[in-house]
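Subject: Handover of a structure

Dear colleague,

Please find below the structure that I am handing over to you. I would be grateful if you could keep it open while reading the notes that come after it.

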Amino acid sequence: MIDQLTDILADQAKAAARKGAAFAAIAIVMLIGAGFLLAAIYMALAASFGPIAAAMAIGSTMVTLGLVALAIMLQRDPGDAVDQVTPEEQAAQARKSEDDMLFDLLVHSAMTGYATGQGNKPRMQSGFDQMITDLGALGVFDPPKGRMETEQPEHDQETKMAG
């Protein structure tokens, strides 16, 4: 049984390595092609406007594209990668361990804090609702266990009447 599992894992690892090597080879070929395209663009610009202007144009274009990509990545909400809780999943969460529930609470509070910092009110409300659900699953809102006395003992009533 264990030999079969190790053979399957070895075969999958070999297939993944072959696939990774193929992607690496394709990436190298594409990078070389992109280098030649940039060289051709540089030569065309250098012939028309001079080598310094061509280098400045290509360099500033690359820096601008990099900054735009960075700005897009920084504006993405990390909560987009986290799936929202459905009622079916919420029922499954009731069976989670306390550690899992505490980790969920931590993630939801981080998402809520991020939404608060961004001023995203719908996500803030959703995050607060998820935090309340997590706290409820942990039993924070449950009444204390044990008997709670709501009536006064009879000897207290007698002392109040005597005075």
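The notes below describe the chain as a whole and then some of its parts.

Please bear in mind that this is a predicted model. The secondary structure of the chain consists of six helices and zero strands, so the order of elements from the N terminus reads α-α-α-α-α-α. Of the 163 residues in the chain, 11% are buried. The chain has an accessible surface of about 13,100 Å², and carbon and sulfur atoms account for 67% of that area. If one takes the contacts between residues at least 6 apart in sequence, 48% of them join residues at least 24 apart.

I begin the details at the N terminus. Met 1 lies in the segment before helix 1, which covers residues 2–49. Its relative accessible area is 72%, and Met 1 is therefore exposed, the cut-off being over 50%. Together with Ile 2, Leu 5 and Ile 8, Met 1 makes a nonpolar surface patch of about 470 Å².

Helix 4 deserves a separate paragraph. At 1.5 Å a residue, the 21 residues of helix 4 should span 30 Å, and this agrees with the 30 Å between its end C-alpha atoms. Which residues of helix 4 are buried? They are Met 101, Asp 104, Leu 105, His 108, Met 111, Thr 112 and Ala 115. Seen down the axis of helix 4, these buried residues fall within an arc of 135°, so they line one face of the helix. On the other side of helix 4, the residues Asp 99, Phe 103, Leu 106, Ala 110 and Gly 117 are exposed. Just after helix 4, Gly 119 has a positive phi of about 75°.

His 108 may serve as an example from helix 4, which comprises residues 98–118. Its relative accessibility is 7%, and His 108 counts as buried because the limit is under 20%. What does His 108 contact, apart from its neighbours within four places in sequence? The partners are Gln 130, Met 131 and Asp 134.

Asp 129 belongs to helix 5, residues 121–137. With a relative accessibility of 41%, Asp 129 counts as partly exposed. Asp 129 and His 108 are 21 residues apart along the chain, and their C-alpha atoms are separated by 9.3 Å.

Yours sincerely,

A colleague

Note on methods: Residues are numbered from 1 along each chain as its sequence is written. This is a predicted model: local features need pLDDT of at least 70, side-chain atom pairs count only at pLDDT 80 or more; totals for chains, interfaces and linings use all residues. Side-chain values use heavy atoms; hydrogens and water are left out. Patches are made of residues with over 30% relative accessible area and no salt bridge: like charges are joined within 9 Å, nonpolar side chains (Val, Leu, Ile, Met, Phe, Trp, Tyr) within 5 Å. Accessible areas come from the Shrake-Rupley method with a 1.4 Å probe; for residues, only the protein chains shown count as cover. A salt bridge is a side-chain nitrogen of Lys or Arg within 4 Å of a carboxyl oxygen of Asp or Glu. Helices (H or I, at least four residues) and strands (E, at least two) are DSSP runs, numbered from the N terminus. Buried means under 20% relative accessible area, exposed over 50%, partly exposed in between (1.4 Å probe, protein chains only). Contact means heavy atoms within 4.5 Å. The expected span of a helix is 1.5 Å times one less than its number of residues. The arc is that of the directions from the helix axis to the C-beta atoms.
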